Amino acid sequence: MACGSQTSGGRWSIASASPPAPGASIVRLLTPGDHDYFVLKPKHSGFYSTTLHVLLVHLGVTRLVLTGFAANLCVLYTANDAYMRDYKIVVPPDCVASEKRSDTRLALEHMKRFLKAELVPGEKVEFSSRRGRRASI
């Protein structure tokens, strides 16, 4: 098994077991680098009891691309809190999942209808840097 954990010095380390668990290479790719920002999320929403909103304001962010598991819980609750803070929301349907496909479908419909989320395939999502350059994933 491989998982990331924060050390007492604020750095991240990767713990691993033998043989490597499925997904270990993804965990390594997603480990924050020395200059990356990260926020520890204690509950379902990325905003609940975190410094996420303060960080996003500091960085001048107005649009969020939300991905992950579970679409019907963590992604939905984070989208709801983002909407209440006036962020534009983008959710790539092919980059979210729930335990049941029907739960994912309902969560996506809810985010589109009530939270004005833009549903865009992951390969079509565009990002612009603070320098104004555009990039796709």
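The paragraphs below go through the fold, one helix, the sheet, the core and a few single residues of this structure.

This is a predicted model, in which local features need pLDDT of at least 70, side-chain atom pairs count only at pLDDT 80 or more, and totals for chains, interfaces and linings use all residues. Residues are numbered from 1 along each chain as its sequence is written, and side-chain values use heavy atoms, with hydrogens and water left out.

Starting with the overall fold, the protein chain has four helices and nine strands. Helices (H or I, at least four residues) and strands (E, at least two) are DSSP runs, numbered from the N terminus. Going along the sequence, the pattern reads β-β-α-α-β-β-α-β-β-α-β-β-β. The protein chain has 137 residues, and 26% of them count as buried. Here, buried means under 20% relative accessible area, exposed means over 50%, and partly exposed is in between (1.4 Å probe, protein chains only). As for contacts (heavy atoms within 4.5 Å), 55% of those with a separation of 6 or more are between residues 24 or more positions apart.

Helix H2 (residues 52-59) is a nice one to look at, with Leu-52, Leu-55, Leu-56 and Leu-59 as its buried residues. These residues sit on the same side of H2, because they cover an arc of only 95 degrees around the axis. The arc is that of the directions from the helix axis to the C-beta atoms. An α-helix has 3.6 residues a turn, so residues three or four places apart point the same way. On the face turned away from the buried side, H2 carries the exposed residues Val-54, Val-57 and His-58. And what do the buried residues of H2 pack against? Their partner is strand E3 (63-65). Just after H2 comes Gly-60, with a positive phi of about 75 degrees.

E3 also belongs to an open sheet of three strands, in the order E3-E5-E7 and with parallel pairing. E3 and strand E7 (118-119) stand at the edges with a single partner strand each, so each has one side left without a neighbour in the sheet. Two strands pair if DSSP finds at least two bridges between them. Strand E5 (residues 88-91) is joined to E7 by two bridges, and E5 and E7 run parallel. Val-90, for example, has Glu-118 in E7 as its bridge partner.

Val-65 is found in strand E3 and, at 25% relative accessibility, counts as partly exposed. Apart from residues up to four places away in sequence, Val-65 touches Val-90, Pro-92, Val-125 and Phe-127. Val-65 and Glu-118 are 53 residues apart along the chain, while their C-alpha atoms are separated by 9.3 Å.

Next comes the core. A nonpolar core is a set of buried Ala, Val, Leu, Ile, Met, Phe, Trp, Tyr and Cys residues joined through side-chain atoms within 4.5 Å. The largest one has 19 residues, and Phe-47, Leu-64, Leu-66, Ile-89, Val-91 and Met-111 have the most contacts inside it. Two or more residues of this core come from each of H2, helix H3 (71-84), E5 and helix H4 (101-114). H3 gives the largest share, five residues. Leaving aside neighbours within four places in sequence, the contacts of Phe-47 include Leu-52 and Leu-56 as well as Leu-64 and Tyr-87.

How many salt bridges does a search of the whole structure find? The search turns up one, where a salt bridge is a side-chain nitrogen of Lys or Arg within 4 Å of a carboxyl oxygen of Asp or Glu. The pair is Glu-109 and Arg-105, with the closest N and O atoms 3.5 Å apart. Both lie in helix H4, four residues apart, which is about one turn of the helix. Glu-109 is partly exposed, with a relative accessible area of 41%, and Arg-105 is partly exposed too, at 45%. The C-alpha atoms of Arg-105 and Ala-71 are separated by 8.7 Å, with these positions 34 residues apart along the chain.

Ala-71 turns up again with Ser-98, a residue in the loop between strand E6 (96-97) and H4. Ser-98 counts as buried, at 11% relative accessibility. A polar atom of the Ser-98 side chain lies 3.4 Å from the backbone nitrogen of Ala-71. Not counting residues up to four places away in sequence, Ser-98 touches Phe-69, Ala-70, Ala-71, Asn-72, Asp-103 and Thr-104.

Conventions:
Polar contact = N/O pair within 3.5 Å; in protein donor to acceptor, adjacent residues only side chain to side chain.
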